[in-house]
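User: Could you take me through one part of this model in detail? I would like to hear how two packed helices sit against each other, and what the salt bridges around them look like.

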Amino acid sequence: MSQSILVTGATGNIGYYVAKELAENKQHVRVAVRNAENERRTFANLNVEMVEFDFLKPATFTQALDGIHKVFLIRPPQLADPKKDMQPFIDALKKNNIEQIVFVSLMGVEKNPVVPHRKIEGMIREAAIGYTFLRSGFFMQNLNTTHREDIAIRNELFMPVGKAKTSFIDTRDIASVATVCLTEEGHIGNSYTLTGAKALDYDEVAEILTNTLGREIVYNNPGVLKFRRTIIQRGTKKEFANVMTMLYVLTRLGTAEKVTADVANILKREPISFEQYAEDFKEAWKYIVY
């Protein structure tokens with residue numbers, strides 16, 4: 001049966017694929033965007049409805065949620081204060097009797113009370129809305145977005161994680177899991193830890209990228225303070241730099257190496273490999289578009 005589903009973060013690495021798969025699954029999909037006119041080309045080939053939406057503008061909630069049954073929820077990285085930035089929307093979901101929230105959270109969040117994702121999980125539980133938490137590992141796609149210039153221009157991976165391993169996951173797999181959770185029974189009240197099929201250290205990542213791109217990519221392992229200082233100098237806002245630094249410090253301590261079978265169990269196939277991801281996105285590291 002078709003559901004009316006609101007997809008937040010619909011222009012991002014996960015939300016776009018969620019909207020695409022849901023539309024292909026014959027669901028009624030409403031994508032929440034900051035500026036509908038600017039995004040018409042983005043969704044031109046998808047059978048979706050667009051609505052202008054902003055977490056910081058409660059006046060946009062009414063139209064976005066009208067007739068909606070379920071919500072796919074992504075926290076914008078720049079919103080660092082969940083109580084102020086996200087609570088009004090959670091309250092609106094409760095008021096509108098939303099049946100289910102599928103929220104992209106963070107692997108290990110249950111042991112980390114500091115990160116915003118943990119606080120949002122708590123807010124959703126307190127609202128007594130049906131939920132499914134997708135506790136994702138490190139996105140492969142961070143390398144062709146956040147770290148794109150490092151690879152494309154400097155031919156390096158620049159992260160302070162030492163020899164620690166990371167169970168990278170392709171965001172397309174997260175989207176596929178979200179689609180299943182939104183359209184099939186049995187997922188409300190569950191929390192899934194989503195990872196790739198194996199954990200890699202950054203020397204192994206550099207080797208895969210070297211082989212895929214045909215030029216040497218080197219893993220540069222800076223100290224934590226040097227990493228934070230450098231990315232701020234390169235234009236990263238301090239608040240986001242602090243979050244990135246914290247997450248990489250945790251990775252250095254081994255928190256990102258866990259591998260689970262949740263993706264394979266839900267999708268009935270193996271997760272996308274890092275080699276396949278690198279091949280699919282190799283054009284992103286061949287040039288920089290300004």
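Analyst: Happy to; here is a walk through one helix pair and then the salt bridges. This is a predicted model, in which local features need pLDDT of at least 70 and side-chain atom pairs count only at pLDDT 80 or more, while totals for chains, interfaces and linings use all residues. Residues are numbered from 1 along each chain as its sequence is written, and side-chain values use heavy atoms, with hydrogens and water left out.

Let us begin with the pair itself. Helix H9 covers residues 224–233 and helix H10 residues 238–252; helices here are DSSP runs of H or I with at least four residues, numbered from the N terminus. Their axes lie 10 Å apart and meet at an angle of about 150°, the axes being lines fitted to C-alpha atoms over the stretch in contact, with angles from 0 to 180 degrees between N-to-C directions. H9 is therefore roughly antiparallel to H10, a label for angles over 145 degrees. The crossing of H9 past H10 is right-handed, meaning that the near helix is turned clockwise from the far one by less than a right angle.

Which residues make the contact? On the H9 side they are Val224, Phe227, Arg228, Ile231 and Ile232, and H10 brings Lys238, Ala241, Asn242, Met244, Thr245, Tyr248 and Val249; contact means heavy atoms within 4.5 Å. By type, they divide into eight nonpolar, two polar and two charged (Ala, Val, Leu, Ile, Met, Phe, Trp, Tyr, Cys and Pro count as nonpolar, Asp, Glu, Lys and Arg as charged, and the others, Gly among them, as polar).

Now for the loop between H9 and H10, where Arg234 is found. Arg234 forms a salt bridge with Asp150, with 2.9 Å between the closest N and O atoms; the rule asks for a side-chain nitrogen of Lys or Arg within 4 Å of a carboxyl oxygen of Asp or Glu. Because Asp150 belongs to helix H6 (residues 148–152), this pair ties together parts that are 84 residues apart in sequence. Asp150 is buried at 8% relative accessibility, whereas Arg234 is partly exposed at 38% (buried is under 20% relative accessible area, exposed over 50%, partly exposed in between, with a 1.4 Å probe and protein chains only). Asp150 also forms a salt bridge with Arg154, at 2.8 Å between the closest N and O atoms, and Arg154 is partly exposed at 32%.

Elsewhere, Glu110, Glu121, Arg125 and Arg135 are linked in a network of salt bridges. The count comes to 17 salt bridges.

How values were computed: Helix = DSSP H or I, 4+ residues; strand = E, 2+ residues; numbered from the N terminus. Parallel < 35°, antiparallel > 145°, perpendicular 65-115°, else oblique.
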